[in-house]
Amino acid sequence: MFVDIGGRRCLVVGGGTIATDKARKLVEHGAVLRVVSPDVTAELAAMTAAGGAEHRGRTYLPEDLDGCTLAFAATDRADVNRAVAADARERGIPCNVADAPARGDFTVPSVVRRGDLAIAVSTGGASPVVARHVRRRIEEAYGPEWEALIALLRDLRGDLKARHRDMPGRRAAVERLMESDVLRRLAEGDDDGARALARRVLDLEGVAA
């Protein structure tokens, strides 16, 4: 499940390296961040100083969850993490528990992004190291040309729907495109050639560009 957290408030309880990693990813995805911890890393301090996060410099209180969409319990104290998870569940707020994923409601996958293409890798919290290893292999297999392909298909989507009015027809057309060398052309920087090929294979030549 992918959740759009853009503009939504998320709580991170903790100020160490794990909390900082969670906070960084949340800010990268446009979340409105609230951090609760007496002490924070230099990176997290810089993040809050830059206005990227609200920092409550004290220990956790249940009201820190007010107005939050997601919660992350990322302290080095199991009792605090359990309390955050319990309070969040009571309020219907999904919670990630860093030191005990099974006690939380969700885990955070390792994600490979190529524009609008997102490939998530998860070990269910068993081994983030393995997840990162798999992610690196995926990054090698799916290069920047995939971002270009998704952008091209997005640009052609209107014409594709006009030409192929039913889903099976559109699916078959895109399958034909995937069997072509469109990815090779994009990888070589031949954007015009790739577009021309896509329009021909998708049978869009009679459709206004």
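# Salt bridges, cysteines and overall form

Visitor: At 22% relative accessibility, which class does Arg185 fall into: buried, partly exposed or exposed?
Guide: The model is a predicted one, and in it Arg185 has a relative accessibility of 22%. Buried requires a value under 20% and exposed a value over 50%. Arg185 therefore counts as partly exposed.

Visitor: With which side chain does Arg185 meet in a salt bridge?
Guide: A salt bridge requires a nitrogen of Lys or Arg within 4 Å of a carboxyl oxygen of Asp or Glu. For Arg185 the N to O distance is 3.4 Å, which satisfies that limit. The partner is Asp181.

Visitor: What is the N to O distance in the salt bridge between Arg184 and Asp181?
Guide: Asp181 meets Arg185 in a salt bridge, and the side chain of Asp181 also meets that of Arg184. Asp181 is partly exposed at 27% relative accessibility, and Arg184 is partly exposed at 41%. The N to O distance between Arg184 and Asp181 is 2.5 Å.

Visitor: Where does Arg184 lie, and how far apart in space are the C-alpha atoms of Arg184 and Val80?
Guide: Arg184 lies in helix α7, which covers residues 182-187. Arg184 and Val80 are 104 residues apart in sequence. From C-alpha to C-alpha, their separation in space is 52 Å.

Visitor: Which residue forms a salt bridge with Arg58, and is that partner buried or exposed?
Guide: Side chains of opposite charge can pair when their charged atoms come close. Arg58, partly exposed at 27% relative accessibility, pairs with Asp64, the closest N and O atoms being 2.6 Å apart. The relative accessible area of Asp64 is 0%, and because buried means under 20%, Asp64 is buried.

Visitor: Which residues are linked with Arg58 and Asp64 in a network of salt bridges?
Guide: The pair of Arg58 and Asp64 forms a salt bridge, and both residues also belong to a network of such bridges. The other members of that network are Arg9, Arg34, Glu54 and Arg56.

Visitor: How many salt bridges does the structure hold?
Guide: Among them are the bridge of Arg58 with Asp64 and that of Asp181 with Arg185. For the structure, the count of salt bridges is 18.

Visitor: How many disulfides does the structure hold?
Guide: A disulfide is a covalent bond between the sulfur atoms of two cysteines. Here a pair of cysteine sulfur atoms must lie within 2.5 Å to qualify. The number of disulfides in the structure is zero.

Visitor: Why is Cys68 in no disulfide, and which cysteine has the nearest sulfur?
Guide: Cys68 counts as buried, at 9% relative accessibility. The nearest cysteine sulfur is 7.1 Å away, and because a disulfide needs the two sulfur atoms within 2.5 Å, Cys68 is in no disulfide. That nearest sulfur belongs to Cys10.

Visitor: How far from Cys95 is the nearest cysteine sulfur?
Guide: Cys95 is buried, with a relative accessible area of 1%. Cys95 is in no disulfide, and the nearest cysteine sulfur is that of Cys68. The distance to that sulfur is 11 Å.

Visitor: Which side chains make polar contacts with the side chain of Asn81?
Guide: Asn81 is placed in helix α3, residues 78-90, and counts as buried at 1% relative accessibility. Leaving aside neighbours within four places in sequence, Asn81 is in contact with Ala73, Ala74, Thr75, Val97 and Asp99. The polar contacts are of 2.8 Å and 3.2 Å, respectively with Thr75 and Asp99.

Visitor: Which residue other than glycine has a positive phi near 60°?
Guide: The residue is placed in the segment after α8 (191-201). At a relative accessible area of 40%, this residue is partly exposed. Its name is Asp203.

Visitor: What radius of gyration does the protein chain have beside that of a compact globule of 209 residues?
Guide: The protein chain has eight helices and seven strands. Its C-alpha atoms fill a box of roughly 65 × 35 × 30 Å along the principal axes. A compact globule of 209 residues would have a radius of gyration near 17 Å, whereas the protein chain has 22 Å.

Visitor: What share of the 209 residues in the protein chain is buried?
Guide: The accessible surface of the protein chain comes to about 11,700 Å², with 51% belonging to carbon and sulfur atoms. Residues such as Asp64 are buried. Of the 209 residues, the buried share is 37%.

Technical notes: Residues numbered from 1 in each chain as written. Predicted model: local features only at pLDDT ≥ 70, side-chain atom pairs only at ≥ 80, totals over all residues. Heavy atoms only, no water. Buried < 20%, exposed > 50% of the residue type's maximum accessible area, 1.4 Å probe, protein only. Helix = DSSP H or I, 4+ residues; strand = E, 2+ residues; numbered from the N terminus. Rg over C-alpha atoms; globule rule 2.2 N^0.38 Å. Areas by Shrake-Rupley, 256 points an atom, 1.4 Å probe, with all protein chains shown as cover. Polar contact = N/O pair within 3.5 Å; in protein donor to acceptor, adjacent residues only side chain to side chain. Contact = heavy atoms within 4.5 Å.
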